Amino acid sequence: MKQMRLVGLCLLVAQTELPPLRDWIPVGEGETRQQRIIVLEADRAIQRIERMALVVVGKGEESTYWRHAHWQLEPNRHYVFRVRLRGEGTGVCAIVGANTVNRDFLPTQRWQTVEYVFRAPADTRATFIRVGHWQWRGELMFDQPQLIPVQVVHTQYGSLTLGEGETIRNRRYRFVSLFGSELSNAQSPLREFTASFNTNRWVFNTGAHVVYRHALAPYTIRRARLEVHVPYEADNGAVQVAIRPDAGEWQSVHVLRGRGSHAIEIPAHLLPAKSLEVRFWGAAGTLQIDQYIFEAELEGAPNTLLAGRSLVLYPEPSRGGVAVKPIAVRRDAAGAWQLLVEARATDAPLQVRPYQRLPKDPLPAPATSAPVLLQQQPRLIAIPMLPERPNSSEQLLGLTDERGRLVWQARAVMQVRFLEWAHYGYRLEGAPEWAGLWWCEWGWKVGRTRPLPALTRPAVRLSAARGEYEPVQLVLRPSQPLRLLKVEVSDLQFGRHRIPARHIELREVAYVPVEYPTDSMSVPDDYPDPLPPLQLPLDIPAGQNQPLWLTLYAPYGTPAGVYTGTLTLHTSRGALKVPLEFTVYNFDLPRTPTLRSGFGINPGNIFRYHHVHTDTDKRAVWDKYMQAFRRARLAPYHFTYEPYTVRLENGRVILDFSKFDPMARRYLDEFGFNGFVLPIYGLPGGRYPHYSPAEFLGFREGTPEYERYWTDYMRQLQAHLRKNGWLRKAYIYWFDEPEEGDYPFVRRVNEQIKRAAPELTRMLTEQPEPALIGAVDLWCPLTAFVSPEAIAERRRAGEEVWWYVCTGPRAPYATLFIDHPGVEMRLWLWQTWKYGVQGVLIWETTYWHNEFAYPDRLQNPWTDPMSYVWSAEFKPGTRMFWGNGDGRLLYPPRRDPNVPAPPLITDPIPSIRWECLRDGAEDYEYFVLLEQRIRQAERAGVSAEVLRQARALLRVPPEIVSSMTEFTYDPRPMNEHRRKVARMIERLTPPTQTAPRRSTRAPAR
């Protein structure tokens, strides 16, 4: 579970004392001062500490800062710079760290600790440490700046070293610059540089250079290419690109000029090679590079995934008599991580043992393992690392002598990888060892290589209300290669009652290759996301997890009780029986969802990827997508790809609903979709300050004809929706995410809509702002941009409030990204209930293609999960990142969309995130039902104590959600609270509203 952060007064972990303030020199035109502050530090007891802080007050000038007079950086060495920062005002940013390797941060009014790892340049004579501002108006305060020398080691695979951002997958090497990550410019391939590094980009002036070396022996590079993105250039900036194979001669291959993406093929005469060095050299003016990708086809490389990781080590003072040099991190035979160090005795021979512990744990007792004898000659020692868990990125690794005394220790920090978490899951009792058969809850994303769990269970257990789907994951991690040949599922039985096997579904959990992480939460790796139908036979490699997504459905009318059955996996080594226990609660989910929603869908993409062309095929495949929305209890923006039309006949406005109405009756009435975007014709457009006037039926806004015809059209539209019972489901979404300058324009048009059709709902994707109050009926802000107080205020005013996620917010918020923990989409709906929000929105579900990123072919979301920025200003081939899976919650058929193929009338393929959204929508109904039962129980005179317990369950516990950025990553507390809510619903449900039990067997708790 993610630990809750401390959010009270300034309670901080004690750090080293601030260096004498006389070592800091003010520079710049703005005001500077040293100010006494009081903080509360919490170690074993809370202490009140007074100390001095550095203050700069900017007035809009370029920069003012404090410069440290004595800290000297060693060339090419790694450091961490850390400081506590707070500020008030507006402007660009605070600047922190080395002037040549700077990191910008946005100040907040509360203290925050900011830090980053960086590598010093090859020449540090002009480098110094500073804290200050860049074009800020207001005050910034800096407390306890620290410069800490660190060591960075990377992953070892035999003789090959791969660091963060490096992967070998399917015999292809790929390096992605993660300039915005914690490591900034400290990735493994970087050899040296004299160019400046600023936050997330290299800055080249004439003569400045950066050198990367991609050493891939024992494999051979046969083909290679570079991708470079230039966000800024000035004064005809140019950078020469040169290549050196196998430490030979430098050869110029390209000159970078101009903004945008640049693709550079490595000339064939420079290959094959075991290593390639890439040098960027400032040739003229100024030019920046904020993305560098190196790809190579390798001969002799494995056809599996090798992913690099980097470990930051903070060496601590240790006893004399031993010298220790960290070498690399690697996996042992069981898949656990080790730190490999080279150690030797500097005096007399010494026996040592490795150990590891969490920072707050006591020193370990003397180890029972055999000691390692250190002499003058260096010796390699593998120090086992603790298993990865949420919020446990730090641990202490070290060596103790034969008496248990510490001889060497380093604090190790490795980026948390939730795919590696191994503290969850249950092995099935009685399953053979060779199968590695285990199961876990829905909310975990199972990494390919995480080890087997330690806990065991006799059966797979699930629970659901009638009308509900509930999933778990069944996992195989065989010790030898295994083939899954056949799956058999029995009916589930409870006394004489049955749930037919057709209500049990098993899907493959497929993986997609994330090569550019969305944010700090993720790293390059293979991530589970698509859930295609299980195609057999399925080959499973040895030592690799292969999850299966098992979903059970409780049909309406099913008597409550515990249903049991068996799922049998027939494999190449024998049959595996999986006992199932399914608790059906004694209440129904409503057939029409309570939670309102709006999810974008692109019929053009659907038809292209399914290769359908005829109207019959289009309608058939469209209906399958609509059925997927119905099952998920979510509503699409548009239930039809053929909206109503408007024409002018003999001076009369005619609305044609001949195609609209039949689909509305099927999807709004029969399927129960509770919301849809109502297209409105004849509205003005544009964005501040460039607006285009409205035109309707050939008449421009402001003419008498426009006013008369447009008003008549809007009134007819409103009347038609009211007559058919669709008025309250419709909302007008005509302007997206206005800037402040757009507010008067949005208000004017919304007021125009209100005058013509006062019953229509005007939706706006913006947080409540004073300039818009009264002109919006349905607010839909980004989750990060709205406060609980604003939500409550607008609801009290009788307005509706939804919220949305998209390209933002990012970590630490709950998001829709593939490379985020699995609970987030379901937990977002718990946040929705907690804060009184009535609906959720996501801009797209089928954003499978970007024409700028892929100008010559369709993007394949099965092989490239990144959603790229769409901009008409981009030149073809430009790839800027929105996030992995953004706008992509469903998958097209599992085939190359660019290969000619027959039409495919099949269901969309759901993602784990889509399934979790459905489960969250179902959980939302639990809370709604409990709230309804409480009102009924109040009228029925149920005891005050029972009502108190019931009302307490309406509150989402803080261990599940404490705030928008503080929540659990563990699905188990959610499952437990959901169970308590279900049992309370049953307890408060009058007997006349429940289906009778026809068995004496008691339900599971």
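The secondary structure of the chain comprises ten helices and 63 strands. The model is a predicted one. Along the principal axes, the C-alpha atoms of the chain occupy a box of roughly 95 × 75 × 65 Å. The chain has a radius of gyration of 31 Å, which agrees with the value near 30 Å that a compact globule of 1005 residues would have.

Two of the sheets are described here. One is an open sheet of six strands, arranged in the order E34-E32-E33-E36-E44-E40, and its pairing is mixed. At its edges stand strand E34 (456-457) and strand E40 (504-508), each of which pairs on one side only. Within this sheet, strand E33 (residues 437-441) is joined to strand E36 (residues 468-476) by five bridges, and the two strands pair in the antiparallel sense. Trp 439 lies opposite Leu 474 of E36. A helix is also associated with these strands: helix H10 (residues 971-988) lies across strand E32 (426-428), E33 and E36, and runs at about 65° to E33.

The other is an open sheet of five strands in the order E47-E59-E58-E57-E56, with parallel pairing. Strand E47 (596-599) and strand E56 (763-764) are at the edges with a single partner strand each, so one side of each is left without a neighbour in the sheet. Strand E57 (residues 778-779) and strand E58 (residues 800-804) run parallel and are joined by two bridges. In one of these pairings, Leu 778 has Glu 800 in E58 as its bridge partner. Helix H7 (residues 824-834) lies across E58 and strand E59 (839-842), and its direction makes an angle of about 140° with E59.

Features of the backbone were examined next. The peptide bond between Leu 536 and Pro 537 is cis, with omega about 5°. Pro 537 is located in the loop between strand E42 (525-528) and strand E43 (538-540). A cis peptide bond also joins Gly 808 and Pro 809, where omega is about 0°. Pro 809 belongs to the loop between E58 and H7, and both of these elements take part in the helix-to-strand arrangement described above, in which H7 lies across E58. Gln 144, a residue other than glycine, has a positive phi, near 55°. Gln 144 is placed in strand E9 (residues 129-157).

The interior of the model was then searched for enclosed space. Rolling a probe the size of a water molecule over the atoms shows where empty space is left. In the whole structure, two cavities of 30 Å³ or more are found. The largest cavity has a volume of about 110 Å³. Its lining consists of 13 residues, and those nearest the centre of the cavity are Met 385, Leu 386, Glu 388, Gln 395 and Met 414. By class, the lining of the largest cavity contains eight nonpolar residues, four polar residues and one charged residue.

The second largest cavity has a volume of about 60 Å³. It is lined by Glu 164, Ser 181, Glu 182, Leu 183, Ser 310, Val 312, Val 413, Met 414 and Gln 415. Strand E24 (310-315) and strand E31 (406-414) are the elements that contribute two or more residues to this lining. Four nonpolar, three polar and two charged residues make up the lining of the second largest cavity. Met 414 appears in the lining of the largest cavity and also in that of the second largest cavity.

Definitions and conventions
Residues numbered from 1 in each chain as written. Predicted model: local features only at pLDDT ≥ 70, side-chain atom pairs only at ≥ 80, totals over all residues. Heavy atoms only, no water. Pairing = 2+ DSSP bridges. Helix = DSSP H or I, 4+ residues; strand = E, 2+ residues; numbered from the N terminus. Contact = heavy atoms within 4.5 Å. Axes fitted to C-alpha atoms, helices over the stretch in contact; angles between N-to-C directions. 1 Å grid on protein atoms, 1.4 Å probe; cavity = no way out; pocket = protein on both sides within 12 Å on 5 of 7 lines; lining within 4 Å. Points joined across faces, edges and corners; volume = space filled by probe spheres on them. Nonpolar A, V, L, I, M, F, W, Y, C, P; charged D, E, K, R; others polar. Rg over C-alpha atoms; globule rule 2.2 N^0.38 Å.
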